[in-house]
Amino acid sequence: MSGSSASLQPPADAVKPVRHPDAPAPGELLGAHYEHCFGCGPGQSHGLHLEARAGEDVSLTAEFTVQPAHQGAPGLAHGGVLATALDETLGSLNWLLRTIAVTGRLETDFVRPVPVGTVLHLQAEVTAVAGRKIYSTATGRIGGPDGPVAVRADALFIEVKVDHFTDHGRREEIQAVMSDPDQIRRTRAFEVNP
């Protein structure tokens with residue numbers, strides 16, 4: 001995280017992240033954390049439909065194909081959509097820690113344009129943990145997993161309790177999730193994003 005701001009630099013007492021023993025195995029598809037999530041949910045017709053796979057330690061890879069609905073300039077991905085793809089990828093890391101956390105800060109560098117139709121290959125890892133703060137970094141490449149870097153981001157996630165979502169979310173969606181008999185789906189619905 002060489003070019004990131006001071007707020008994204010882990011403090012001296014930060015520790016190395018530890019993968020939770022119940023985290024998905026390396027190579028396992030994480031799946032959508034919430035059906036209607038714009039980043040990963042299959043229920044969003046214009047969503048990113050980002051798919052993440054667990055990596056080694058506290059890392060993962062993900063893919064996202066830029067669709068025409070994701071344009072900013074003609075034929076190119078909107079920068080906000082690319083930032084969303086990075087945020088979704090970074091947020092998915094928290095499932096490997098089995099921690100509920102929200103984005104506190106996200107710094108994004110746009111290195112090269114990403115055309116519509118491109119598969120963005122994302123790699124992310126948690127670099128440090130300090131109390132409730134989780135520091136992570138991600139890159140997005142085009143032309144393959146080893147292709148040129150198009151976007152990158154450094155992030156700070158803050159661990160929260162489920163009350164963060166139940167106190168601030170719209171009542172209809174909260175009630176629908178809380179009444180889901182599937183405990184894992186209930187838990188995962190609240191795992192990431194503010």
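Q: What is a polar contact, and which backbone oxygen does the side chain of Ser59 reach?

A: A polar contact is a pair of N or O atoms within 3.5 Å; within protein, one must be able to donate a hydrogen and the other to accept it, and residues adjacent in sequence count only if both atoms are side-chain atoms. In this predicted model, local features need pLDDT of at least 70 and side-chain atom pairs count only at pLDDT 80 or more, while totals for chains, interfaces and linings use all residues. Residues are numbered from 1 along each chain as its sequence is written, and side-chain values use heavy atoms, with hydrogens and water left out. Here the side chain of Ser59 reaches the backbone oxygen of Glu56 at 2.6 Å.

Q: Is Ser59 buried or exposed?

A: Buried means under 20% relative accessible area, exposed over 50%, and partly exposed in between (1.4 Å probe, protein chains only). Ser59 counts as buried because its relative accessibility is 19%, whereas Leu106, at 29%, counts as partly exposed.

Q: Which residues does Leu106 touch beyond its neighbours in sequence?

A: Contact means heavy atoms within 4.5 Å. Not counting residues up to four places away in sequence, Leu106 touches Ala83, Asp87, Leu90, Ala153, Asp154 and Ala155. The C-alpha atoms of Leu106 and Asp87 are separated by 7.3 Å, although these residues lie 19 apart along the chain.

Q: Which members of the largest nonpolar core touch the most other members?

A: A nonpolar core is a set of buried Ala, Val, Leu, Ile, Met, Phe, Trp, Tyr and Cys residues joined through side-chain atoms within 4.5 Å. Of the 36 residues in the largest one, Leu50, Phe64, Leu90, Leu120 and Leu122 touch the most other members.
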